[in-house]
Structure formats: C-alpha cells, structure tokens
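Me: I have a model open and would like to go through how its parts pack. Can you take questions as I go?

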Amino acid sequence: MATRKQVDRDGGTTLETERSKTKPPKLYKVLLLNDDFTPMDFVVVVLQRLFGMSREQATLVMLKVHRDGKGVCGVYPYDLAATKVAQVSAFARQNQHPLACVMEEN
C-alpha cells in the first residue's frame with residue numbers, strides 16, 4: 001500500500017492509504033506432447049513424480065496426450081512453468097525417452 005498526503009481546505013493535513021494495483025502474474029500451461037516412442041507407463045510416472053498427480057489422474061492426462069497429441073499437466077506462473085518443462089525434459093533424457101514438454105500462455 002502507498003500513502004499519500006492530502007491537504008484539507010482549512011489547511012490541515014490527512015494521510016490516506018491507497019491500494020497498489022498490481023496485476024496477477026500471467027499463467028502458462030505446461031503441456032506434454034505425444035510421440036511414438038515414449039512408453040505410456042513412463043508418462044504416468046512423470047505426471048506423478050513431477051506434477052504430484054495421483055495414478056488415476058496421471059493416467060487420464062496420459063490418455064489425453066495419447067489421443068489428442070497433447071495434454072495439460074498444470075498451469076503455473078512463468079518461472080515455475082519453465083522449471084517444470086526443464087525438469088520433464090531432463091528426466092526424459094536421463095531415461096532415454098524423447099518425451100517433449102512445452103509451455104504456452106494460458
């Protein structure tokens with residue numbers, strides 16, 4: 001909050017608080033992209049381990065990726081979304097899978 005000084009007609013001074021108007025941060029969707037090589041079970045593990053999903057929820061997202069070519073893992077502010085993309089990419093490479101993860105503005 002910011003404080004501003006206001007002078008009254010009679011010369012007295014009052015202090016008023018003024019609310020700062022900050023916009024919430026832009027949000028970004030983190031998406032997994034389908035490929036013909038990454039096993040479905042591995043995708044479920046990624047969703048559970050890196051996005052905190054239950055097995056059932058992860059399976060539903062994995063099936064969406066499989067059917068529609070992409071699926072949303074979560075929606076985050078920019079820094080967190082970029083970190084999630086990097087984590088997925090690194091984990092997939094460590095396990096020798098070509099799983100692609102991207103982010104796009106929500």
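Reply: Here are some questions and answers on the sheet, the helices and one salt bridge. This is a predicted model.

Me: Start with the sheet. What is the strand order?

Reply: The order is β4-β3-β5 in an open sheet of three strands, and the pairing is antiparallel.

Me: Which strands stand at the edges?

Reply: β4 (70-77) and β5 (100-105) do. Each has a single partner strand, so one side of each is left without a neighbour in the sheet.

Me: And how much twist from one strand to the next?

Reply: The average is 25°.

Me: How many bridges join β3 to β4?

Reply: Seven, with strand β3 covering residues 27-33 and the two strands running antiparallel. Leu32 is opposite Gly71 in β4, and Val30 has Gly74 as its bridge partner in that strand.

Me: What about β3 and β5?

Reply: Six bridges, again in the antiparallel sense. Lys29, for instance, has Glu104 of β5 as its bridge partner.

Me: Which helix lies across those strands?

Reply: Helix α3, residues 78-94, lies across β3, β4 and β5. Its direction is at about 140° to β4.

Me: Now helix against helix. At what angle do α1 and α2 pack?

Reply: About 125°, with 9 Å between the axes. That angle makes α1 oblique to α2. Helix α1 is residues 40-51 and helix α2 is residues 55-68.

Me: Is that crossing left-handed or right-handed?

Reply: Right-handed for α1 and α2.

Me: Which residues meet there?

Reply: From α1, Met40, Asp41, Val43, Val44, Leu47 and Gln48. From α2, they meet Arg55, Ala58, Thr59, Val61, Met62 and His66. By class, the contact of α1 with α2 has seven nonpolar, three polar and two charged residues.

Me: Same for α1 and α3, then. How do the axes cross?

Reply: At roughly 140°, and they come within 11 Å. α1 and α3 are therefore oblique to each other. The crossing of α1 with α3 is right-handed.

Me: And which residues make that contact?

Reply: On α1 they are Phe42, Val45, Val46, Arg49, Leu50 and Phe51. On α3 they are Lys84, Gln87, Val88, Phe91 and Ala92. The contact of α1 with α3 divides into eight nonpolar, one polar and two charged residues.

Me: Changing topic: how many salt bridges does the structure hold?

Reply: Three. One of the salt bridges is Glu105 with Lys26.

Me: How far apart are the closest N and O atoms in that pair?

Reply: 3.9 Å for Glu105 and Lys26. The cut-off is 4 Å between a side-chain nitrogen of Lys or Arg and a carboxyl oxygen of Asp or Glu.

Me: What does the pair tie together?

Reply: Glu105 is in strand β5, while Lys26 is in the loop between β2 (13-18) and β3. The pair therefore ties together parts that are 79 residues apart in sequence.

Key: Residues are numbered from 1 along each chain as its sequence is written. This is a predicted model: local features need pLDDT of at least 70, side-chain atom pairs count only at pLDDT 80 or more; totals for chains, interfaces and linings use all residues. Side-chain values use heavy atoms; hydrogens and water are left out. Axes are lines fitted to C-alpha atoms, for helices over the stretch in contact, and angles run from 0 to 180 degrees between N-to-C directions. Helices (H or I, at least four residues) and strands (E, at least two) are DSSP runs, numbered from the N terminus. Angles under 35 degrees count as roughly parallel, over 145 as roughly antiparallel, 65 to 115 as roughly perpendicular and the rest as oblique. A crossing is left-handed if the near helix is turned anticlockwise from the far one by less than a right angle, and right-handed if clockwise. Contact means heavy atoms within 4.5 Å. Ala, Val, Leu, Ile, Met, Phe, Trp, Tyr, Cys and Pro count as nonpolar, Asp, Glu, Lys and Arg as charged, and the others, Gly among them, as polar. Two strands pair if DSSP finds at least two bridges between them.
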